[in-house]
Each structure stands twice: as C-alpha cells, then as structure tokens.
Amino acid sequence: MALTVVSGNGREWRLTERIGSGSEGVVYGVDDARPLVAKLVPDPPDPAAYRRRIARLVRQRREPRTVRLLSATPVRVAWPMVGVRTGGPGAEGVDGYVMPDMRHAHRPFPHLLTPAARRALLPRATWATALAAALSLARLLADLHAEGYVVGDLKPDNLWVDDRGAVGMADVDSWQFTDGGELFPGRMGTPGYLAPERIGAPAGTPPQRTSDDFVLAVLVHQLLMDGLHPFAGYPADGAEYRSYDDNVLHGRCRLLDRTSVLLPRTAPPVDLLPRRIADLLRAAFGGVRPTAPAWAEALAAESAPGRLRACRTDPRHVHTVERPWCPWCDLAERAGGRSRRPDEETKDEETNTV
C-alpha cells in the first residue's frame, strides 16, 4: 500500500520512492506537479516539541527575514512548507514535513568534494567551481546568520551544489532559531564537523554562530584542497590516531604546524591556497574565527578576474595566479598519473580500517 501523509488541514500527499535517510529522518519523493520531497522523523526525542518546531518553521516561511532567504532562483534552502503526519493521530503516527526537492536544480555537495565523484558526475567542474562553491556557501551562511539562524549541523550531507558552484542547504529542522521570543535550540552535530567547544559538550548545549564559522572554514579547506579535511593525518608524535575531532582538540593541523601530522605524498600542497585564504584558515583553526561575511569578502576577491590561471597542458587544471606552475600536474605525477583523493590513505581513519 502506498504511503500517504496528511497535513493539519487534511490535505494528503502520496509518497513515492525512498530517496535516502540520515541520523534522524527518512526522505521520500512526493507525488506532486511541483518538485517536492517529504522528510519523516520516526523517533524524535520529544515528538510534541518536534511538531511545535516544524509548525514554527512553517510560520517563519512567511516572515520577511525568511522570505529574503527564499527569494533566490534556484532555491537556496529546502524550507519546510507544511507539517505532515503519517500513520494516524495516535502513538503510531510519524511526524515530518514537505519541502522543495533540492535535486531539481542541484547535486549532492559531496560530488564536488570527492575527486572520483566529481570526474564522473561533475566533469566540467574545476578548482574555479570549488572556489565559486566556497563563496556561495559563505554568502548563504552570512545571510542565515544575519537573519538570526544558526545551522549547528553544517556538513556536506546537508548541502547541495549545482554545476556553477551555487550552494543550497537542507535539514532546516535541526537549525537553531527564535520565534516569538522562544528559543528553539540546535539539535544536531556531526563528528568531523564540530567546533572544538562542541566536541564532548553535554547533549542539548546550544550551538553558536562562531561554531558555524569554524565548520565553514573546514568546508572551505575541503573545497579548495580537493576534499582534504584540514585535520586529516596521523599524529606525527606517534600517538594513536582516533578521529578528526581528536586532532581538532589537540591542534593537529598541517596549516597550524606542518610537523604535527603525517599525510600522504599525494596531499595537495599548502601553497595551492591563495595566501589570503591560507591566513584566514590559520586564524579560524588557531582560535580567531573569521565570520561568514569576512570569508565571503575574501573568496570574492580571489574569484575576481585575473586571480585564476589555467594550465597550458590541461585547461581543466585551474589554480591561483600566486602559484607559478600547475599543482594538479604535480599531484598527478606524484600519484603515478592517477588522480586520487589526497587523503586516500586516511579516508578510512574514522572507522579505523587503515
């Protein structure tokens, strides 16, 4: 039997294929003339509080601050349009909401981060596309912060990107916001994408904008360094590798101290980054975090005409003019002619399979 969901005013939608699932919810296609999907959350910690959160977000959709966020084309945020429920009004019912389908104009953000996926799914993407995505993400986060929202669970799996590098965001139901003077705290966090103060913090500790700023820097680094996490690498002092978060807490970061971690020879060199961007990253990871608007300003400057150069050997190899020769040709030579993920040797560290 087809799964259906019902809104508070009695409207029904038929759900189609199961698209994916995350740590909290499941996303389904919606049988509708518009590109829509539905997210269902089977076991929220407090179902009544979750329903109130969704109802407030739906109401926020009509507020001027949210209207401004949603005015762009293509849509930048998969905002909840209406709260829905399946399974009836009793304890067996499952709550969720209908939202725009980001697949209509975007691809999953990890397609741009992972070199193999980028070659297969975004074959025209270059370093300039990654730079455009970093700028788009910084501008989007700056706009969200300006309107009083805190993402809290900023990570690749919640982001979308199109062929030009324009970034969109989903999973709005986990954001932190206020409505009518009431605080709805951020509810989620993901290992590898947490600011130091959030690692090991008691459950329910509200995130801050500065926490988003830290993760923005992580994502900028990944975009511009071919997917390399800034805290990737084995501890150079011989300590046991535990996780990205453990490296964050111990300051193990090549940008802060090149002797603190061991990375494969195929890792992109630090001087691939424009000096201005490298300085902002060092500040972000060293304790003085640039804001999203500061990132947007710097990334816009690096995207200006004359700041990028294409390789004479391979025009798909784009890099900053500050680099006198093509770093991508160098990396291909180090990898024996095979383009590979720069942290390929450490990509399984999080599950300790290396």
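Buried residues account for 52% of the 354 residues in the protein chain. Keep in mind that this is a predicted model. Its secondary structure adds up to 10 helices and 15 strands, and the opening stretch of sheet gets a closer look further down.

**Overall shape and packing**
- A compact globule of 354 residues would have a radius of gyration near 20 Å, so the 21 Å of the protein chain agrees with that expectation.
- Along the principal axes, the C-alpha atoms take up a box of roughly 65 × 40 × 40 Å.
- Take the contacts between residues at least 6 apart in sequence: 61% of them join residues at least 24 apart.

**Surface and charge**
- About 16300 Å² of the protein chain is exposed, and 52% of that comes from carbon and sulfur atoms.
- On the charge side, there are 46 positive and 44 negative side chains, with the centres of the two sets 4 Å apart.

**Strands β1 to β3**
- Strand β1 (residues 4-7) runs antiparallel to strand β2 (residues 12-21), and three bridges hold the pairing.
- Within that pair, Val6 sits opposite Glu12 of β2.
- The two strands make a hairpin with four residues between them, and Gly10 in the turn shows a positive phi of about 95°.
- β2 also pairs with strand β3 (residues 26-30), again antiparallel, this time over four bridges.
- Leu15 has Val30 in β3 as its bridge partner.
- β2 and β3 form a hairpin too, with four residues between them.
- As a reading aid for the sheet, side chains in a regular strand alternate between its two faces.

Definitions and conventions
Residues numbered from 1 in each chain as written. Predicted model: local features only at pLDDT ≥ 70, side-chain atom pairs only at ≥ 80, totals over all residues. Heavy atoms only, no water. Pairing = 2+ DSSP bridges. Rg over C-alpha atoms; globule rule 2.2 N^0.38 Å. Buried < 20%, exposed > 50% of the residue type's maximum accessible area, 1.4 Å probe, protein only. Contact = heavy atoms within 4.5 Å. Areas by Shrake-Rupley, 256 points an atom, 1.4 Å probe, with all protein chains shown as cover. Lys, Arg positive; Asp, Glu negative; His and termini not counted. Charge placed at Lys NZ, Arg CZ, Asp CG, Glu CD.
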